[in-house]
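Visitor: I am new to reading protein models, and I would like to learn how a strand, a pair of domains and an interface are read. Could you take me through them slowly?

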Amino acid sequence: MLGKLTWDAIPFDQPIPLAAGAVVALAVLAVLIYITVKGWVPYLWREWITSVDHKRIGVMYVALAILMLMRGFIDAVMMRTQQAVAFRSNGYLPPEHFNQIFSAHGTIMIFFGAMPFMIGLMNFVVPLQLGVRDVAFPTLNSVSFWLTASGALLVNLSLVVGEFSRTGWLPFPPLSEMTYSPGVGVDYYCWALQISGVGTVLTGVNFVTTILKIRAPGMTYMRMPIFCWTALAANLLIVAAFPVLTATLAMLLLDRYLGFHFFTNTGGGNMMMFMNLIWAWGHPEVYILILPAFGVFSCVVPTFSGKPVFGYRSMVMATMAICLIAFMVWLHHFFTMGAGGDVNAIFGTMSAIIAVPTGVKIFNWLFTMYGGRVRFTVPMIWSVAFMITFTVGGLTGVLLAVPPADFMLHNSMFLVAHFHNVIVGGTVFGALAGMTYWFPKAFGFRLHEGWGRWSAYFTIAGFYVVFMPLYVVGLEGMTRRLQHYDVGAWRPWMMVSVFGVLLALVGIVLEIVTIYVSIRDRESLRDEVGDPWDGRTLEWSTASPPPEYNFAVLPHVDHEEYYWRIKQAAARSETLPEEPHYVDIEMPRNSATGFVAAFFATVMGFALIWHIWWMVGVAFVGAYATFVAFAWRDHEEHVIPAETVARNDHARRAARAKALKAYSPR
Amino acid sequence: MRIKRAAVLTSALALSGCEISIFDPKGTIAAQDAQILVDSLAIMLAIVIPTLIAIVAFAWWYRAGNTRARYRPDFEYSGQIELVVWSIPALTVLLLAGVIWVGSHDLDPGAPIKGAGKPLTIQVVSLDWKWLFLYPDQKLASVNELVAPVGTPLRLELTSGSVMTAFFVPQWGSMIYTMNGMTSRLNLRADKAGDYYGEASQISGDGFADMHFKARAVSADDFAKWTQSAAGVPFDAAAYKELAKQGLANPALRPLAAPDLFSDIVTQKLPPGPGPKPSLRPPSVVN
Ligand code: HEM
Ligand SMILES: [Cu+2]
């Protein structure tokens with residue numbers, strides 16, 4: 001009846017996961033009860049859960065990402081403390097638990113932390129920057145989000161029901177095959193990623209279509225903000241790379257469920273094929289993570305330097321070059337397979353070449369600051385920290401791309417330091433810069449500067465103290481994923497590293513305080529005008545938060561710096577542009593499709609993991625029926641009357657007119 | 001398993017006296033790998049350090065409060081700067097590509113190396129979670145201890161008796177994967193007598209952290225003596241099957257009774273290790 005699921009699946013004998021799971025479950029329950037008692041359910045259902053508004057979906061993505069980043073951080077704390085104490089002893093985490101933690105940490109951070117954060121920012125920002133009302137497929141967008149949430153839920157469920165994968169954030173066979181990993185851990189991993197992977201591909205399709213097909217009148221490709229370019233590149237990578245991941249995991253699942261032999265030791269299976277396939281997705285994936293962050297910095301640095309981005313064309317070229325070359329370097333993740341001199345040399349060289357456009361970008365941000373008036377707001381602090389940190393991370397990346405050096409450093413703590421150097425120093429700093437930068441646009445008030453600044457300082461310092469020691473122990477031969485060790489030379493560095501975790505923790509607490517204080521003091525932090533940073537791109541031309549339809553009338557873009565120029569012209573003439581003619585606006589109606597389909601997908605994933613076949617069938621039919629119901633609906637849009645649009649826009653114009661007096665044009 | 005763990009711990013304590021840093025190479029390959037690492041680092045630092053300084057300097061000088069800095073709000077393009085900005089990284093990478101190309105070929109793990117005397121063939125089998133070193137010419141089977149004469153080229157043939165992992169002695173040089181059903185090749189040479197740290201460097205399951213071994217470089221005489229010291233029941237296919245079960249093992253040296261053991265493992269005549277017993281949450285390996 002319930003497949004493999006029995007009471008044995010609950011780890012009654014393991015206090016740590018059980019307690020952790022119980023605390024989380026209770027917290028979730030408490031929140032749910034609170035929401036229900038307060039009577040917020042209808043509001044949440046109407047305005048958020050069934051919303052197909054790209055801004056709402058973007059905010060939900062970021063909220064999910066923040067939640068998951070915290071879960072992943074708890075894993076990180078456990079790993080660092082374990083390695084700090086497990087010197088000539090077993091520490092407090094047995095291997096079967098420790099191995100789950102590093103696997104869950106990587107999986108959660110990459111797939112449910114970093115990626116949703118970037119996708120959330122793209123969701124919120126791209127249509128606004130393109131000067132349009134929504135993405136190409138709004139309901140699909142909601143489906144994408146909820147499928148991602150479904151994957152995240154499954155991964156977290158494994159904490160209490162069964163176990164998670166113990167094979168690392170990428171399940172290398174044959175370790176991940178049934179013979180060596182007979183538990184449900186790898187199945188949790190695979191099904192969570194298959195489900196969220198569908199969501200990610202749909203996001204890719206959605207955004208590529210949006211950016212290629214739906215732009216404001218006059219918004220030619222070469223007038224798009226760099227963030228839209230990087231979003232385009234990242235989504236092209238998603239569309240091209242994610243199907244590879246899906247196929248690879250499908251093959252692994254066939255091995256595990258139906259006794260196929262794609263990657264097994266025996267029966268003609270070949271694990272080298274898995275390595276190639278997973279990294280053919282994996283390297284593009286790292287650029288999916290970093291490109292949107294590059295885009296964020298290309299918004300933040302010009303805004304706070306009071307200048308346009310330097311070398312726009314170079315930036316575009318560099319972005320697209322990275323997009324292309326990202327597919328030609330995958331083998332640098334396994335130089336140590338022994339493919340031979342020629343193969344290693346070619347992939348090593350290609351990997352070094354990808355550093356060229358990356359370097360160009362750094363220089364262009366540098367020259368964006370040159371001749372500017374740099375305001376060190378919180379987003380700018382993150383940006384400068386990024387430029388420095390990422391340059392170091394790029395350097396160590398290229399070092400690892402030199403095969404003989406990689407022969408010494410592959411899979412070492414040096415590698416761990418490298419990718420955290422680029423992912424934390426690049427993607428996470430970018431995410432936090434972006435969040436701080438667009439927060440007032442989303443909620444109508446800024447985040448508190450003082451607290452935010454200290455949060456940034458502590459987080460940045462924490463990052464360096466945690467990861468610089470890892471470079472050192474990597475050079476001292478320490479391999480990654482050690483549950484315990486006996487080498488005295490590594491010990492002091494592990495102690496330094498764990499101290500860094502403490503600093504990072506302070507940074508995170510301060511970030512929470514920042515958000516709390518900002519909500520409390522929101523009246524004094526209010527952004528009345530919609531342009532709190534003296535921005536340059538279209539999202540700052542509308543109100544904060546923007547109305548559902550984004551723009552009362554779509555802008556007619558005639559220059560790369562369109563908004564900046566009309567702002568300057570208005571300031572010089574001290575009059576706003578003429579009032580436009582308002583018309584009715586049609587917007588897509590809310591839809592529960594995403595939520596309901598994801599509900600069935602979660603049930604189906606769970607049933608597949610536990611071999612509860614009847615439930616798989618029921619859930620599949622449910623998910624399918626949801627789509628059919630959606631396809632059948634008659635009313636797809638609702639109309640916002642011209643009077644409402646006019647009323648809202650008059651308020652916006654009034655605030656702008658008032659602000660105009662105080663604004664001195666450049 | 002718990003009893004074994006205590007014994008293994010003591011041997012691990014002995015191991016921790018081993019040297020390890022890769023900047024203290026004790027073999028020709030390690031020395032060359034480290035040299036290339038340093039060279040590449042130097043090439044990149046030549047551009048990275050000025051860049052880092054420029055980032056800090058520009059950010060500081062052009063801070064909003066600095067009235068002496070000239071504000072140029074329209075400075076968004078300069079052909080010359082663009083040229084420099086593309087060519088500096090490109091030239092650096094060109095230089096690096098040379099290092100990569102030459103290094104990849106010279107230090108290809110499969111490429112034979114020179115040294116004193118006839119090359120010594122050692123067959124390496126990674127198991128859950130121990131290392132088996134077979135000396136076909138000396139007819140020896142050594143568990144968790146790799147012994148090699150100083151200066152002699154070592155011709156390593158490697159495979160896995162279970163999952164994929166990697167063989168690595170940091171101070172001797174280059175690591176390489178071990179995979180079931182396949183033979184990887186690695187050529188090394190130890191240049192200075194001593195005890196070195198050897199490890200598995202690819203996650204291989206619950207006992208992974210204990211999957212390290214002692215790599216000893218000894219004089220030719222000591223090596224000869226060591227080869228004579230094999231004791232106990234000869235190591236054959238049955239002994240291998242027992243060893244291939246999941247668990248830890250103490251160092252041991254035994255005469256090798258099955259000359260084709262390695263090829264039998266590679267061709268899967270001896271099947272890969274059985275893995276854990278199926279269960280939802282397998283019991284702890286190491287308490
Ligand atoms: C300057 C360009 C870069 C180069 C040349 C580079 C090179 C490399 C190389 C050669 C490896 C494999 C090392 C090994 O396994 O021995 C690696 C690993 C990795 N890199 Fe980079 N990298 C670069 C930038 C990035 C960026 C931008 C990211 C992500 C934002 C990133 C994320 C990663 C990750 C996650 C891994 C480790 C995967 C794993 O084994 O678990 N890298 N990089
Ligand atoms: Cu890569």
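Guide: We will go through a strand, two domains, an interface and one loop residue in turn.

Guide: This is a predicted model, in which local features need pLDDT of at least 70, side-chain atom pairs count only at pLDDT 80 or more, and totals for chains, interfaces and linings use all residues. Residues are numbered from 1 along each chain as its sequence is written, chains are lettered from A and ligands numbered from 1 in the order in which they are written, and side-chain values use heavy atoms, with hydrogens and water left out.

Visitor: Which residues point one way from β1(B), and which the other way?

Guide: In a regular strand the side chains alternate between the two faces of the sheet. Here strands, like helices, are DSSP runs numbered from the N terminus (strands: E, at least two residues; helices: H or I, at least four). From β1(B), Leu120(B), Ile122(B), Val124(B) and Ser126(B) point one way, while Thr121(B), Gln123(B), Val125(B) and Leu127(B) point the other way. Eight of the eight residues of this strand, 120–127, are buried, where buried means under 20% relative accessible area, exposed means over 50%, and partly exposed lies in between, with a 1.4 Å probe and protein chains only.

Visitor: Which strands pair with β1(B), and in what sense?

Guide: Two strands pair if DSSP finds at least two bridges between them. β1(B) and β5(B), residues 154–160, pair in the parallel sense over seven bridges, and there Thr121(B) has Arg155(B) as its bridge partner. With β2(B), residues 130–135, β1(B) runs antiparallel and is joined by five bridges; Ser126(B) stands opposite Trp131(B) in that strand, and a hairpin of two residues links β1(B) to β2(B).

Visitor: How many residues of the two domains of chain B are in contact?

Guide: Domain bounds come from an automatic or database domain assignment, which divides chain B into domain 1 (28–106) and domain 2 (120–270). Their centres, taken over C-alpha atoms, are separated by 43 Å. Four residues of domain 1 of chain B are in contact with nine residues of domain 2 of chain B, contact meaning heavy atoms within 4.5 Å.

Visitor: What area is buried between chain A and chain B?

Guide: The size of an interface is often given as the accessible area lost when the parts come together. Buried area is the accessible area (1.4 Å probe) that two parts lose on being put together, summed over both. Chain A and chain B bury about 8,800 Å² between them, with 69% of it on carbon and sulfur atoms. Of the area that chain A buries against chain B, Tyr180(A), Phe407(A) and Met408(A) supply 8%, more than any other three residues.

Visitor: How many salt bridges are counted between chain A and chain B?

Guide: A salt bridge is a side-chain nitrogen of Lys or Arg within 4 Å of a carboxyl oxygen of Asp or Glu. The count between chain A and chain B is one: Arg166(A) forms a salt bridge with Asp206(B), and their closest N and O atoms are 2.7 Å apart.

Visitor: Finally, is Phe164(A) buried or exposed?

Guide: Phe164(A) counts as buried because its relative accessible area is 3%. Phe164(A) lies in the loop between α5(A) and α6(A), and its C-alpha is 6.9 Å from that of Ala104(A), although the two are 60 residues apart in sequence. Not counting residues up to four places away in sequence, Phe164(A) touches several others, including Gln100(A), Val155(A) and Tyr188(A).
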